[in-house]
Amino acid sequence: FIAGELAQAVRRQVEEIQASLRTATTDVSCVRPENFHLTLKFLGPTAAEKVGFMNNQPLFRRTEKPKE
């Protein structure tokens with residue numbers, strides 16, 4: 001996937017919403033704050049040669065090994 005990081009103020013707001021959800025119900029699973037991001041495009045299973053060029057771009061950062 002292609003994702004962007006969230007601003008610190010937005011991260012804090014999301015954490016507050018998560019805290020509210022946890023107190024409202026026990027049937028909720030939340031993402032850890034260090035994993036917050038905005039998914040811009042979900043690529044699904046994608047061959048490494050199709051996304052390899054992005055690893056050298058300043059706006060992109062590999063977060064996991066691409067699918068072979």
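**Exercise 1. Find which element of the protein has the lowest mean pLDDT and which has the highest.**

Step 1. Start with the score: pLDDT is the predictor's confidence in each residue, on a scale from 0 to 100. This is a predicted model, in which local features need pLDDT of at least 70, side-chain atom pairs count only at pLDDT 80 or more, and totals for chains, interfaces and linings use all residues. Residues are numbered from 1 along each chain as its sequence is written, and side-chain values use heavy atoms, with hydrogens and water left out.

Step 2. Compare the elements. Helix α2 (residues 48-51) has the lowest mean pLDDT, 71, and α1 has the highest, 91.

Step 3. Look at the whole chain. The average pLDDT of the protein is 78, and 74% of the residues score at least 70. Where pLDDT is low, the predicted coordinates should not be read in detail.

**Exercise 2. Work out the order of helices and strands along the sequence.**

Step 1. Count the elements: there are two helices and two strands. Both kinds are DSSP runs numbered from the N terminus (helices: H or I, at least four residues; strands: E, at least two).

Step 2. Read along the sequence, and the pattern β-α-β-α appears.

Step 3. Check a loop on the way. Glu5 sits between β1 (2-4) and α1, while Val28 belongs to the loop between α1 and β2 (38-41).

**Exercise 3. Decide whether Gln18 is buried or exposed, and list what it touches.**

Step 1. Place the residue: Gln18 is in helix α1 (residues 8-24).

Step 2. Apply the cut-offs: buried means under 20% relative accessible area, exposed over 50%, and partly exposed in between (1.4 Å probe, protein chains only). Gln18 counts as buried because its relative accessibility is 9%.

Step 3. List the partners, where contact means heavy atoms within 4.5 Å. Not counting residues up to four places away in sequence, Gln18 touches Cys30, Val31 and Phe36.

Step 4. Set this against the whole protein, where buried residues make up 13% of the 68 residues.

**Exercise 4. Find the salt bridge, then see how Arg11 is placed.**

Step 1. Use the criterion: a side-chain nitrogen of Lys or Arg within 4 Å of a carboxyl oxygen of Asp or Glu. The structure holds one such bridge.

Step 2. Name the pair. The side chains of Glu34 and Arg32 meet at 2.7 Å, N to O, and both residues are exposed.

Step 3. Turn to Arg11, in helix α1. Arg11 is buried yet has no salt bridge; its nearest side chain of opposite charge, Glu5, is 5.2 Å away. For charge, Lys and Arg count as positive and Asp and Glu as negative, with His and the chain ends not counted.

Step 4. Add the neighbours. Leaving aside those within four places in sequence, Arg11 is in contact with Leu6, Pro33, Glu34 and Phe36.

Step 5. Return to Glu5. Glu5 is exposed, with a relative accessible area of 61%, and its C-alpha atom is 7.2 Å from that of Phe36, 31 residues apart along the chain.

**Exercise 5. Show where Leu43 lies and how far its C-alpha is from that of Phe1.**

Step 1. Leu43 lies in the loop between β2 and α2.

Step 2. Leu43 counts as partly exposed, at 30% relative accessibility.

Step 3. Phe1 and Leu43 are 42 residues apart in sequence, but 5.0 Å apart in space, C-alpha to C-alpha.
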